[in-house]
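Hi everyone, thanks for making time today. I'd like to walk you through one model, so let me put it on the screen.

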Amino acid sequence: MSTRLFGRQLLAALAGSTPAFTPVATEEPRNSAYRILAALAGSTPAFTAGSSDECRRQSASPQSPEEPADTNSAQATPPIDPAALGDTDRDLAGEDLHNTDLSDADLYSRNLYNVNLAGADLTGADMADRDLEDANLTGADLTGADLTGADLTGADLTGADLEDADLTGAILTDAILTVADLTGAILTDANLTGADLTGAILTGADLTGAILTGANLPVVSSISNVAWSDETRWGPAADEIRARSVRQSDDTYILNPGKGQRAKIFTGANLLS
């Protein structure tokens with residue numbers, strides 16, 4: 001741009017006789033002249049010092065505001081302190097108690113729905129009449145635990161040790177008991193409808209009055225010294241179980257009795273399928 005033309009434009013802008021103009025060239029002198037004239041005429045806000053290239057970069061690439069921290073990200077829940085169990089009003093539903101030592105704990109008054117007790121030591125624990133629906137008890141040690149009347153619907157007891165546990169009247173509908181150890185467990189009047197007992201150890205268990213309709217049983221020949229009664233419902237395995245059982249003096253039966261006991265076949269009136 002010539003000095004003469006620049007001067008005329010500058011004077012016109014100062015006098016207000018012509019509006020601010022738009023530069024048509026991209027050379028640095030023209031851009032500088034435009035910014036001076038536009039600022040003097042009051043038609044544009046003050047500009048930021050710097051080269052035209054820098055201004056264009058700032059205009060084309062505005063800085064993004066800093067993204068706030070994600071406060072909703074999932075965080076692992078640490079295992080509960082066993083000392084907290086002294087708070088009798090604490091609701092334990094959904095709590096993470098995996099691998100926790102709860103031996104001989106009194107959990108009688110607690111809500112244990114959907115609790116994670118995987119690998120926990122629950123030997124001798126009192127969980128009578130508790131709601132343990134959908135609880136995770138995989139690999140838990142429940143030796144001698146009191147689970148009378150407990151609701152274990154859908155609970156996962158895979159590999160759990162339930163030796164000598166008392167499950168009288170417990171609800172184990174659709175529970176998973178694969179390879180669980182139920183040696184000597186009391187399951188009198190328990191409801192095991194649809195339960196999975198594949199590979200479970202039932203040696204010496206008491207199943208008098210229990211309901212096992214639709215349950216997946218261990219191989220019948222592998223079950224030994226299991227007590228049952230006329231009220232026990234075995235489902236499809238009833239005929240084989242009847243053939244392998246002996247009647248006792250108290251009108252109960254022993255499935256696959258030990259040596260010296262003679263198996264005998266009973267009539268259908270003696271067994272409810």
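I'll start with the overall layout, then go to the core, two loop residues and the sheet.

Before anything else, please keep in mind that what you see is a predicted model. The chain contains 4 helices and 3 strands. If you follow the sequence from start to end, the pattern reads α-α-α-β-α-β-β. There are 273 residues, and 36% of them count as buried. As for the surface, about 14600 Å² is exposed, with carbon and sulfur atoms supplying 50% of that. For those of you who like contact maps: among contacts with a separation of 6 or more, 14% join residues that are 24 or more positions apart.

Now to the inside. Which residues have the most contacts within the largest nonpolar core? That core has 57 residues, and the ones with the most contacts inside it are L122, M127, L132, L142, L167 and L192. The elements giving two or more residues to this core are β1, at 226-228, α4, at 238-243, and β3, at 253-255.

Let's zoom in on L122. Setting aside neighbours within four places in sequence, L122 touches several leucines, including L102, L107, L117, L137 and L142. Its other partners include M127, A140 and A145, and S103, D141 and T143 are also in contact with L122.

Next, two backbone details for the torsion-angle fans. D174 has a phi near 60°, a positive value in a residue that is not glycine. You'll find D174 in the loop between α3, which spans 52-60, and β1. And how does D189 look? Its phi is also positive, at about 60°, and D189 is not a glycine either. D189 too sits in the loop between α3 and β1.

Are these two buried or exposed? D174 has a relative accessibility of 47%, so it counts as partly exposed. D189 comes out at 51%, so it counts as exposed. The cut-off for exposed is over 50%, which is why the two get separate labels.

Last stop, the sheet. The 3 strands make an open sheet ordered β1-β3-β2, with antiparallel pairing. At the edges are β1 and β2, the latter at 245-247, and each of them pairs on one side only. From one strand to the next, the twist averages 30°. Looking at β2 and β3, their antiparallel pairing runs over 3 bridges. If you want a spot to click on, S245 stands opposite L255 in β3.

That's my tour, and I'm happy to rotate the view for anyone.

Conventions:
Residues numbered from 1 in each chain as written. Predicted model: local features only at pLDDT ≥ 70, side-chain atom pairs only at ≥ 80, totals over all residues. Heavy atoms only, no water. Buried < 20%, exposed > 50% of the residue type's maximum accessible area, 1.4 Å probe, protein only. Contact = heavy atoms within 4.5 Å. Areas by Shrake-Rupley, 256 points an atom, 1.4 Å probe, with all protein chains shown as cover. Core = buried A, V, L, I, M, F, W, Y, C linked by side-chain atoms within 4.5 Å. Pairing = 2+ DSSP bridges. Axes fitted to C-alpha atoms, helices over the stretch in contact; angles between N-to-C directions.
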